[in-house]
Amino acid sequence: IFMSAYLRNQTPTSVGDGEQSRDFTFVANTVEATLCACTAAGVAGKVINVGTGERHTLNQTIAMLDGIFSKKVTPHYGPIRQGDVRDSHADITLARECLGYNPLVRYEEGLRRTVEWYRAALG
């Protein structure tokens, strides 16, 4: 939603104050973890978190997008969504120990790659 807004020269809307955080991960990290799980012994039936092991706020994401798009955007802030989790952070310890997983793509690089995809797709 944010990238589409940037590409269309619109102002993104963030729910709440933008300080809620998530452990966003790039799809290549999820694929890597899945491939590691295919050959890992003794992991059948285990629940294993995959992410980067880092949290980023929506405001940090907007600041990164400002840098990628070379523009300064002040987002609109909307009401908090009822029942929304304030902060989410994946504990990837088990993925590291059982799968030998390490994130291949850090958040900002994944954001850059996603922007490139959106630019190509939305042209």
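**Exercise 1. Which side-chain contact does Arg22 make with Asp84, and what surrounds Arg22?**

*Solution.* Start with the pair itself: the side chains of Arg22 and Asp84 make a polar contact at 3.1 Å. Keep in mind as you look that this is a predicted model.

Next, place Arg22 in the fold. Arg22 belongs to strand β2, which covers residues 21-22.

Now list the neighbours, setting aside residues within four places in sequence. Arg22 is in contact with Glu54, Arg55 and His56, and also with Asp84, Val85, Arg86, Asp87 and Ser88.

Finally, look for charge pairing. Arg22, Arg81 and Asp84 are linked in a network of salt bridges.

**Exercise 2. Is His56 buried or exposed, and what does His56 touch?**

*Solution.* First find His56 in strand β3.

Then check the accessibility. The relative accessible area of His56 is 13%, and buried means under 20%, so His56 counts as buried.

For the contacts, leave out residues within four places in sequence. His56 then touches Gln20, Ser21, Arg22, Phe24, Met64 and Tyr107.

One more step brings in a sequence neighbour: the side chain of His56 makes a polar contact with the side chain of Glu54, at 3.4 Å.

**Exercise 3. How many residues of helix α3 are buried, and what covers them?**

*Solution.* Begin with the helix as a whole. Helix α3 runs over residues 58-69 and has 12 residues. From first to last C-alpha it reaches 16 Å, close to the 16 Å expected at 1.5 Å a residue.

Now count the buried positions: nine of the 12 residues of α3 are buried, which leaves the helix mostly covered. They are Leu58, Asn59, Thr61, Ile62, Met64, Leu65, Asp66, Ile68 and Phe69.

Then look at the cover. The elements over these buried residues include α1 (2-7), β1 (13-15), β3 (56-57), β4 (76-78) and α5 (107-122).

To finish, step just past the end of the helix. Ser70 follows α3 and has a positive phi, near 55°.

**Exercise 4. Where are the buried residues of helix α2 in relation to one another?**

*Solution.* Check the helix geometry first. Helix α2 (residues 27-39) has 13 residues that should span 18 Å at 1.5 Å a residue, and its end C-alpha atoms lie 19 Å apart, which agrees.

Next, pick out the buried residues of α2: Asn29, Ala33 and Cys36 are among its residues with this label. These residues cover an arc of only 60° around the axis, so they sit on the same side of α2.

Turn the helix over, and on the other side Val27, Leu35, Cys38 and Thr39 are exposed. As for the buried residues of α2, they pack against α4 (93-99).

**Exercise 5. Which element gives the largest share of the largest nonpolar core?**

*Solution.* Begin with the members. The largest nonpolar core has 13 residues, and those touching the most other members are Tyr6, Leu65, Ile68, Phe69, Leu111 and Val115.

Group the core by element: α1, α3 and α5 each give two or more residues. The largest share, six residues, comes from α3.

Take Leu65 as a close-up. Not counting residues up to four places away in sequence, Leu65 touches Phe2, Met3, Tyr6, Ser70, Leu111 and Val115.

There is also a second, separate core of nine residues, including Ala33, Val43, Ala95 and Leu99.

**Exercise 6. What parts of the chain does the salt bridge between Asp17 and Arg86 tie together?**

*Solution.* A general idea helps here: side chains of opposite charge can pair when their charged atoms come close. The structure holds seven salt bridges.

In the pair formed by Asp17 and Arg86, the closest N and O atoms are 3.0 Å apart. Asp17 lies in the loop between β1 and β2, and Arg86 in the loop between β4 and α4, so this pair ties together parts that are 69 residues apart in sequence. Asp17 is partly exposed at 39%, and Arg86 is partly exposed at 41%.

Now try Arg112 and Glu108, whose salt bridge has its closest N and O atoms 3.3 Å apart. These two residues are four apart in helix α5, so about one helical turn separates them.

Last comes the salt bridge of Lys72 with Asp66, at 3.7 Å from N to O. Lys72 is exposed, with 71% relative accessibility, whereas Asp66 is buried at 9%.

Note on methods. Residues numbered from 1 in each chain as written. Predicted model: local features only at pLDDT ≥ 70, side-chain atom pairs only at ≥ 80, totals over all residues. Heavy atoms only, no water. Polar contact = N/O pair within 3.5 Å; in protein donor to acceptor, adjacent residues only side chain to side chain. Contact = heavy atoms within 4.5 Å. Expected span 1.5 Å × (residues − 1). Buried < 20%, exposed > 50% of the residue type's maximum accessible area, 1.4 Å probe, protein only. Arc of directions from axis to C-beta. Core = buried A, V, L, I, M, F, W, Y, C linked by side-chain atoms within 4.5 Å. Salt bridge = Lys/Arg side-chain N within 4 Å of Asp/Glu carboxyl O.
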